[in-house]
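User: I've got a model open and want to go through its labels with you. For each one, tell me how you know it holds.
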Amino acid sequence: MLVNLTDLFTAEGKVEEVQIPLEMTSFCSRLGNFSILEKSPVSLILSNAGTGKVRIEGSAELTFRTRCDRCLSDVPTKLELKFHQVVASPDAGKDEEEEENPSYLEGYQLNVESFVHDEILMNWPMKILCREDCKGVCPVCGKNRNDGDCGCDTFVPDPRMAAIQDIFNANKEV
């Protein structure tokens, strides 16, 4: 959905509060495609922040269907987005520090879907776990260790001791 920012870029002291329903049904990134289980409307407070600038403040809550990074079981992941940004109008003079127009700004309009997508990318958790003490999967048979022990031999010899082990194996009588 597009929100027109023309009046906000020009009218000093103008403030608008809007609630926008989020049409997004899934979040796609290089990490995968995650369906959205629950979502709240996007609450935005748009205000003039000087000549040719608009301050965007707001929040949204989303719950995604994700998988645990250790055991691969389904985990609902809740993200509470809070954003504060200042965008410049397309015809405003650019400072050297400012980046080019962001992807969510289409002329004088704010694309709310693209804006929320960028905010999700910035706030996506580094690691998703079903619980803090998740044991993961067995490297031998692939069984979920949270469900119980599989009985596989998981002993891994120390690779620094491989040369000594070769000496013992060479002198062993059969």
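User: Let's start with sulfur. How many disulfides does the count come to?

Analyst: Zero disulfides. Keep in mind that this is a predicted model, and the rule asks for a pair of cysteine sulfur atoms within 2.5 Å.

User: What makes Cys130 fail that rule, and which cysteine sulfur is closest?

Analyst: The closest cysteine sulfur belongs to Cys71, at 3.7 Å. The cut-off is 2.5 Å, so Cys130 and Cys71 are too far apart for a bond.

User: And how far is the sulfur of Cys141 from the closest cysteine sulfur?

Analyst: For Cys141 the closest one is in Cys152, at 3.6 Å. Set that against 2.5 Å, and this pair is too far for a bond as well.

User: Why are Cys130 and Cys141 called partly exposed?

Analyst: Partly exposed is the band between buried, under 20%, and exposed, over 50%. Cys130 has a relative accessible area of 32% and Cys141 has 45%, so both fall in that band.

User: On to the strands. How do you know that S4 and S6 pair?

Analyst: Pairing takes at least two bridges. Strand S4 (residues 32–39) has three bridges to strand S6 (residues 53–67), so the pair qualifies, and the two run antiparallel. You can find the pairing at Lys39, which stands opposite Leu62 in S6.

User: What about S5 and S6, how many bridges do they have?

Analyst: Six, again antiparallel, with S5 covering residues 42–48. Look for Ile45 opposite Glu57 in S6. The two strands make a hairpin with four residues between them, and in the turn Gly50 has a positive phi of about 120 degrees.

User: Which strand does S6 form a hairpin with across six residues?

Analyst: That's S7, residues 74–88, which pairs antiparallel with S6 over 15 bridges. Lys53 faces Ala88 of S7. In the turn of this hairpin, Leu72 has a positive phi of about 65 degrees.

User: There's also an open sheet of three strands. What is its order, and why are S1 and S8 called edge strands?

Analyst: The order is S1-S9-S8, with antiparallel pairing. Strand S1 (2–4) and strand S8 (105–106) each have a single partner strand, so one side of each has no neighbour in the sheet. S1 is joined to S9 by three bridges, with Asn4 and Gln109 as bridge partners.

User: Why is Asn111 called buried?

Analyst: Buried means under 20%, and Asn111 comes out at 13% relative accessibility, so the label fits. Asn111 lies in S9 (residues 109–111).

User: What makes the link between the side chains of Asn111 and Glu106 a polar contact?

Analyst: The distance is 2.9 Å, and the limit for such a pair of N or O atoms is 3.5 Å. The Asn111 side chain also has a polar atom 3.2 Å from the backbone nitrogen of Glu113.

User: Last one. Which residues form the nonpolar patch on the surface, and how does Met161 get in?

Analyst: Met161, Ile164 and Phe168, with about 310 Å² of accessible area together. Patch members need over 30% relative accessible area; Met161 is at 44%, which counts as partly exposed. Met161 sits in the loop between helix H2 (112–123) and helix H3 (162–170).

How values were computed. Residues numbered from 1 in each chain as written. Predicted model: local features only at pLDDT ≥ 70, side-chain atom pairs only at ≥ 80, totals over all residues. Heavy atoms only, no water. Buried < 20%, exposed > 50% of the residue type's maximum accessible area, 1.4 Å probe, protein only. Patch = residues over 30% accessible without salt bridge, like charges linked within 9 Å, V, L, I, M, F, W, Y side chains within 5 Å. Areas by Shrake-Rupley, 256 points an atom, 1.4 Å probe, with all protein chains shown as cover. Salt bridge = Lys/Arg side-chain N within 4 Å of Asp/Glu carboxyl O. Polar contact = N/O pair within 3.5 Å; in protein donor to acceptor, adjacent residues only side chain to side chain.
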